[in-house]
Amino acid sequence: MALLLKPKHYLSPTFRFLLRRLCATELTTEPAPATPPPPTPKEATAELAPATPPPPTPTEPTAEAELATPPPPTPDSPPPLTPAETKLLDSLHAAILDHRRAHPSTTLPASLPFEPLPTFSWTLASLLPSPPAPHLPLQLLGRLLALSRGVPFPEALTFFHHVLPSLPADSLPAFYAAMIDLLAKHHHFPLAHHLLDEMRERSVPVSSQLILALIRRYVRADMSTEASELFRRMEEYGAGVPDPAVLASLLGALSKKRLASEAQALFDSYKSVFPPDVVLYTTLVHAWCRAGCLDKAERVFAEMQQAGIMPNVYTYTAVIDAMYRAGQVPRAQELLCQMMDNGCNPNTATFNAIMRAHVKAGRSEQVLQVHNQMRQLGCDPDIITYNFLMETHCGKGQSNLDAATKVLAKMIAKGIIPDCHTFNPMLKLVLCTGNVDAARKLYERMRELQCKPNVVTYNLLMKLFNKEKSMDMVLRIKRDMDVQRVEPNANTYGALIEMFCGRGNWRRAHAALREMVEEKSLKPAKPVYEMVLSLLRKAGQLRKHEELVEAMADRGFIKHRSEDALWNAVSAS
């Protein structure tokens with residue numbers, strides 16, 4: 001560790017004072033686990049992830065977004081749809097979903113090739129008497145790509161093969177890339193690879209972005225071997241030879257999945273091909289930090305210094321963040337001093353890493369101190385900083401909605417556009433206090449700022465208005481959710497079902513639970529489905545009761561009737 005932490009640092013008294021205040025913390029606080037748990041839906045959860053050249057910058061993805069890989073980029077943004085095209089797009093989307101509802105048992109083949117669905121092909125032929133504009137099929141696949149569950153793959157592939165022959169050659173790379181990404185997102189890798197091979201056979205250009213997108217999908221499916229193999233075969237597909245930038249991206253993808261050993265092996269295998277630079281070393285350091293192996297991260301940190309490569313602010317930040325997570329606060333402070341002593345000033349990401357440690361420990365005073373020190377050192381806060389402040393003011397220690405509102409006004413005045421993670425802590429606070437008027441104002445403020453809510457935002461709003469027994473507002477929120485194409489989750493359906501059951505509306509409660517189970521493949525909580533089943537029994541709707549029980553049992557959500565004590569009790573009565 002001598003290579004990592006120097007024993008003495010000669011900083012000015014002013015800097016020493018600022019750093020002592022900046023790093024102040026209770027040393028008796030229980031340390032955080034060395035290996036951070038997998039991402040959860042908790043808001044404002046962020047991870048440091050260096051990017052590819054130019055020098056990597058840590059990003060802070062939330063749980064809803066952490067798993068979402070953007071689709072492979074297209075050369076140009078699609079032109080806006082005309083009203084007629086929008087109507088056609090909606091009709092095609094509805095036809096896909098309607099066919100899925102009518103044929104729920106249709107699945108993708110276990111082996112290639114895929115045969116298009118004849119009945120759905122006829123439907124498409126009637127909706128598309130002439131070839132559509134090239135950007136319209138791409139937008140339809142984009143809608144399907146936004147879904148995380150219940151994707152109608154047989155219909156999507158039938159649509160793909162139906163439209164493909166009519167598209168101009170210059171639109172084929174983006175169309176193939178979108179379909180490949182849709183398949184790979186849901187782990188249908190044989191079909192995705194089949195389309196990739198088809199692109200090569202048909203001489204459709206394969207971009208390095210497409211290869212990288214597929215590599216990331218492999219990594220997220222814990223298929224690191226396949227990801228590394230595709231990286232090595234890039235040139236076979238005409239996507240160029242592997243280069244340091246793509247290697248850094250692959251290492252970054254492995255880092256996000258905490259596959260540090262695989263990242264180290266890949267790094268070592270390409271050492272002789274690409275002389276490691278600060279970007280590759282930083283990505284590897286971050287991989288070990290993400291995996292909770294601080295000792296190995298420090299070994300790589302020391303190795304890069306021995307190789308004559310000076311760590312940059314992102315390298316230091318990754319290790320400092322890992323030390324804070326591991327509860328090694330004094331060592332994190334010492335490394336921060338060394339960083340500044342070496343002429344590498346901390347940036348916003350560094351301060352955010354320190355602030356995060358205090359936020360997660362519930363130390364609100366220290367969070368505010370870090371923010372003050374940022375200003376004194378001339379480091380401008382970003383949206384992540386402000387979201388941490390928002391979480392602090394709205395947390396249990398303060399529960400100060402006025403202070404949070406002032407932070408919102410300040411960030412807007414500085415030109416920083418708030419996002420849903422800015423508003424969600426405030427909505428959680430007003431949910432606890434039951435202040436429905438405040439919730440209305442926050443919701444309208446989000447709309448004024450064109451801030452797109454996420455599923456957590458909508459769920460909080462539904463719970464709030466459900467408390468007020470305002471069915472109109474709950475349904476308005478759900479309509480807005482559909483318009484914004486935010487996919488509902490189990491909590492969304494739970495809020496809707498609770499509202500319908502509370503009003504004795506068995507038809508809508510039954511429809512919501514059926515959609516949840518059959519279309520979205522979401523597992524309902526026991527209290528949720530028991531509410532609906534009880535309501536159906538009281539209404540004498542035993543056939544619908546039986547159908548729901550069978551649907552949930554078929555998907556493994558509950559036991560089959562022969563094993564279900566609830567069903568046996570009902571049958572015996």
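A residue counts as buried when its relative accessible area is under 20%. By that criterion, 51% of the 573 residues in this predicted model are buried. The protein contains 29 helices and 0 strands. Among its contacts between residues at least 6 apart in sequence, 69% join residues at least 24 apart.

**Helix 5 and its surroundings**

- Helix 5 spans residues 135–145, and 8 of its 11 residues are buried, so the rest of the structure largely encloses it.
- The buried positions of helix 5 are His 135, Leu 136, Pro 137, Leu 140, Leu 141, Arg 143, Leu 144 and Leu 145.
- The cover over these buried residues includes helix 3 (83–102), helix 6 (153–163), helix 7 (172–185) and helix 9 (208–220).

**Helix 11 against helix 13**

- Helix 11 (residues 244–256) and helix 13 (residues 278–290) have axes that come within 8 Å and cross at roughly 10°.
- Because angles under 35 degrees count as roughly parallel, helix 11 is roughly parallel to helix 13.
- On the helix 11 side, the contact is formed by Pro 244, Leu 247, Ala 248, Leu 251, Gly 252, Ser 255 and Lys 256.
- On the helix 13 side, the residues met are Val 279, Leu 280, Thr 283, His 286, Ala 287 and Arg 290.
- By class, the residues of this contact between helix 11 and helix 13 comprise 7 nonpolar, 4 polar and 2 charged.

**Helix 23 against helix 24**

- The axes of helix 23 (residues 455–467) and helix 24 (residues 471–483) lie 8 Å apart, and the two helices pack at an angle of about 165°.
- An angle over 145 degrees counts as roughly antiparallel, and helix 23 and helix 24 are therefore roughly antiparallel to each other.
- The crossing of helix 23 past helix 24 is left-handed.
- Helix 23 contributes Val 455, Tyr 458, Leu 461, Met 462, Phe 465 and Asn 466 to the contact.
- These residues meet Met 473, Val 474, Ile 477, Lys 478, Asp 480 and Met 481 in helix 24.
- The contact of helix 23 with helix 24 has 9 nonpolar residues, 1 polar residue and 2 charged residues.

**Cysteines**

- A disulfide is a covalent bond between the sulfur atoms of two cysteines.
- A search of the whole structure finds 0 disulfides.
- Cys 289 takes part in no disulfide, and its nearest cysteine sulfur, that of Cys 293, is 9.5 Å away.
- The relative accessible area of Cys 289 is 8%, so this residue is buried.
- Cys 420 is likewise in no disulfide, with the nearest cysteine sulfur, that of Cys 451, 6.1 Å away.
- Because a disulfide requires sulfur atoms within 2.5 Å, the 6.1 Å separation of Cys 420 from Cys 451 does not qualify.
- Cys 420 counts as buried, at 8% relative accessibility.

**Positive phi angles in loops**

- Most residues other than glycine have a negative phi.
- Ser 203, which is not a glycine, has a positive phi near 60°.
- The position of Ser 203 is in the loop between helix 8 (189–201) and helix 9, and with a relative accessible area of 63% Ser 203 is exposed.
- Ser 521 also has a positive phi, of about 55°, although it is not a glycine.
- Ser 521 lies in the loop that runs between helix 26 (506–519) and helix 27 (526–538).
- At 32% relative accessibility, Ser 521 counts as partly exposed.

Terms used. Residues numbered from 1 in each chain as written. Predicted model: local features only at pLDDT ≥ 70, side-chain atom pairs only at ≥ 80, totals over all residues. Heavy atoms only, no water. Axes fitted to C-alpha atoms, helices over the stretch in contact; angles between N-to-C directions. Helix = DSSP H or I, 4+ residues; strand = E, 2+ residues; numbered from the N terminus. Parallel < 35°, antiparallel > 145°, perpendicular 65-115°, else oblique. Contact = heavy atoms within 4.5 Å. Nonpolar A, V, L, I, M, F, W, Y, C, P; charged D, E, K, R; others polar. Buried < 20%, exposed > 50% of the residue type's maximum accessible area, 1.4 Å probe, protein only. Left-handed = near helix turned anticlockwise from the far one by under 90°.
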